[in-house]
Amino acid sequence: MTHYPHMLEPLDLGFTTLKNRVLMGSMHTNLEERGDWNRVAEFFATRARGGVGLMVTGGIAPNAEGGVFAGAGGLYTDEDMANHRLVTDRVHDAGGKIAMQILHAGRYAYSPACVAPSPVKSPISPFPPNELDEEGIEKQIHDIAETARKAREAGYDGVEVMGSEGYFINQFLVTHTNKRTDRWGGSYENRMRLPIEVVKRVRKAVGEDFIVIYRLSMIDLVPNGSTHEEVVQLAQEIEKAGATIINTGIGWHEARVPTIATSVPRAGFAWVTKKLMGKVGIPIITSNRINHPDVAEEILSDGAADMVSLARPFLADPDFVAKAETGRADLIAPCIACNQACLDHTFSGKVSSCLVNPKAAFETELVVTPTDQRKKIAVVGAGPAGVSAALTAKERGHDVVLFDRADEVGGQLNMAKQVPGKEEFFGLVDWFAAMLDDRQVTLRLGEEATEENLQGFDEVIVATGVLPRDPQIDGQDHPKVLGYVDVLRHKAEVGKTVAVIGAGGIGFDMAEYLVTGESPTENLPEWLREWGVADPEQARGGLAPEGPQPDAPERHVTVFQRKAEKPGKRLGKTTGWIHRAALKMKQVEMKAGVNYERIDDDGLHISYGEARERPEVIACDHVILCAGQVSERSLADRLEKAGVSVHVIGGADVAAELDAKRAIDQGVRLAASL
Ligand code: NAP
Ligand code: SF4
């Protein structure tokens, strides 16, 4: 039986054939800027070996003014040429194909030298752009076409012209950013001139037998964005200008609608691409939140696109296609769309990696090799840290026994998955279970690890996780007080008015859990309504004129923190705004700079500031404690006392700001070294 017949069907482009319908979409990993091109080459070669049909590199700047930031990777010098050649050679040796993305950031460039059709500053950059004159526009087109020519010389199989996400080319298309009155602005014909000219000139520069992908913004999600009619018109012109494939872009970077976060439904924008199907003669790729072969197959068999683009899922698992081909999709490490180790890193200047797969972009550094000294290893705790350590140790050839007193693996993730919008955690826990089974790790669930049953092991890894912190608030033993574990794990009944103590990751998750009924992440029409996304055939840019229409909150929730700073400030760099906006839509109140005076029949008593001013009573049915965590080290301490040497990882090691990213990374790295 052929698994995934649509997804695995080759795509004949005339002059070349892609071996399947899966594109690895462009991701900026910050690797190119580190100058270690062997590492860049290995990153792509690893994914080529995993069977993906075509890959696109991170954005390469066509010139200094178009770089996303000063010093962004380009293809200017002989040295650059040799570096890119290293990548293309390694990919071709691995049997893959790779296109280079040409990204001109326009007014999104983080530099005072940035250029744009008009001097309209973007809300996400401090720099007002310099308006281009006719000569300046010609230079940009020339530089893009010249970069495409060099890409061919460097051995790439194609280029992707980045025409979406609100970057330079996209900025010409809409009146919000293009105020010009010359032949590059005004009517739509004029505003389309730049993208068309770019594609024509790129085609001319590279010849006929070279892939030219044009990434087209199919729903801008910004005011005064393109209409669907304009999108279709542009797509037809882009085809005429010589593009081989049209890829989908969803939303400008400044859009206030989540487009790739975990709370976005899977394949949540494939319907947008589908609207273009049949309107052009070249293949169309769809994108966003496609993270499982089942999802890809459904999109393709439904005729919503000719090909699917997955980006982050290839960080999580380079062998996505190979595993699907062999019918082992259950072994594909799932991208949970958290952004924690990829985009949050990219935007902090760090190398992107993956929460689920710390080897991503560290292929040359974090190498898991077979052991030459087989050991008996006990791992205690089947949360993310423990499972990762167990899997890696077993992969290396050690004998591994994994203990957990719970009856299931996953640890705290089993609570996280209860939160609306975090359903992807189910997949992660399932993947842990499938991998443990496949690697034949001995599982001893429902069993407490003790000094006695840990005897006889060469190494003991303690990954016992965390315990909720005791906030020591006067009256916290009142019946109206619950812990987050009571609610998320034991499903305690919660009243209609709730005070949440703690505005960290768990306080925010708790608030989301309490105000949300059915999860909109599981119901696409509902999710689109909640965020104000409309059919671009009906509403310009795909923004509903009536704005976001969330359901009424299930409960009235107030979230408290002692720090005077804005609650939620420390949440993920690229996702924090979504959590804050979601709770705001559900009328969750936030109070910062508070002191917890006591809890009694009247509710939660608070005051403000060091002087304990403005006393207030928050009447509520329940107070839920989400006041952080402390390490659960009791076993580790007992073992150490008994003279057993232990490795302590994950939350049991450091509870502060514990997250699955650090836990998994630590687990893999430790086991790689034993
Ligand atoms: P956290 O993020 O450290 O937040 C703890 C909260 O409790 C803070 O608001 C803190 O604010 C408050 N707090 C600390 N000590 C307190 C005390 N003695 N009395 C009362 N309040 C106290 O911890 P968390 O919310 O438990 O989350 C744990 C970790 O899980 C997070 O760091 C995060 O990495 C991970 N997580 C992540 C996500 C995500 O979306 N990425 C979601 C859930 C969990 P004040 O000290 O100012 O009061
Ligand atoms: Fe996906 Fe999170 Fe990994 Fe990024 S860090 S690739 S979003 S799982």
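1. Let's start with the lining of the largest cavity in this predicted model. Altogether 18 residues line the largest cavity, and those lying nearest its centre are S263, P420, G421, E512 and A582. Three helices each give two or more residues to this lining: α17 (505-515), α18 (524-531) and α19 (576-585).

2. Which domains feed the lining of the largest cavity? At least three residues come from domain 2 (376-467 + 630-673), and at least three from domain 3 (470-516 + 553-627). If you have the structure open, these two stretches of chain are a good place to look.

3. The space in the largest cavity comes to about 190 Å³. Sorted by class, its lining holds eight nonpolar, six polar and four charged residues. The count for the whole model is four cavities of 30 Å³ or more.

4. Next comes the second largest cavity, with about 70 Å³ of space. Its lining is made of 14 residues, and C335, C338, C342, C354 and L355 are the closest to its centre. Here the classes are eleven nonpolar, two polar and one charged.

5. What takes up the space of the second largest cavity? That space is taken by ligand 2. The cavity is worked out over the protein atoms alone, so a spot filled by a ligand can still count as a cavity.

6. You can also view this site from the ligand's side. Around ligand 2 you will find R312 and L315, then C335, I336, A337, C338, N339, A341 and C342, and finally C354, L355 and V356. The shell has ten nonpolar residues, one polar and one charged. C335, C338, C342 and C354 surround ligand 2, and these cysteines are also listed among the residues closest to the centre of the second largest cavity.

7. A last stop, away from the cavities, is a pair of strands. Strand β22 (residues 594-600) and strand β23 (residues 603-608) run antiparallel and are joined by six bridges. How many residues does the hairpin use to join β22 to β23? The hairpin passes through two residues. To find one pairing yourself, pick I599, whose bridge partner in β23 is L604. As a reading aid, side chains in a regular strand alternate between the two faces of the sheet.

Notes: Residues numbered from 1 in each chain as written. Chains lettered and ligands numbered in written order. Predicted model: local features only at pLDDT ≥ 70, side-chain atom pairs only at ≥ 80, totals over all residues. Heavy atoms only, no water. Near = heavy atom within 4 Å. 1 Å grid on protein atoms, 1.4 Å probe; cavity = no way out; pocket = protein on both sides within 12 Å on 5 of 7 lines; lining within 4 Å. Sits in = over half its atoms within 2 Å of the grid points. Nonpolar A, V, L, I, M, F, W, Y, C, P; charged D, E, K, R; others polar. Pairing = 2+ DSSP bridges. Helix = DSSP H or I, 4+ residues; strand = E, 2+ residues; numbered from the N terminus. Points joined across faces, edges and corners; volume = space filled by probe spheres on them. Domains from an automatic or database assignment.
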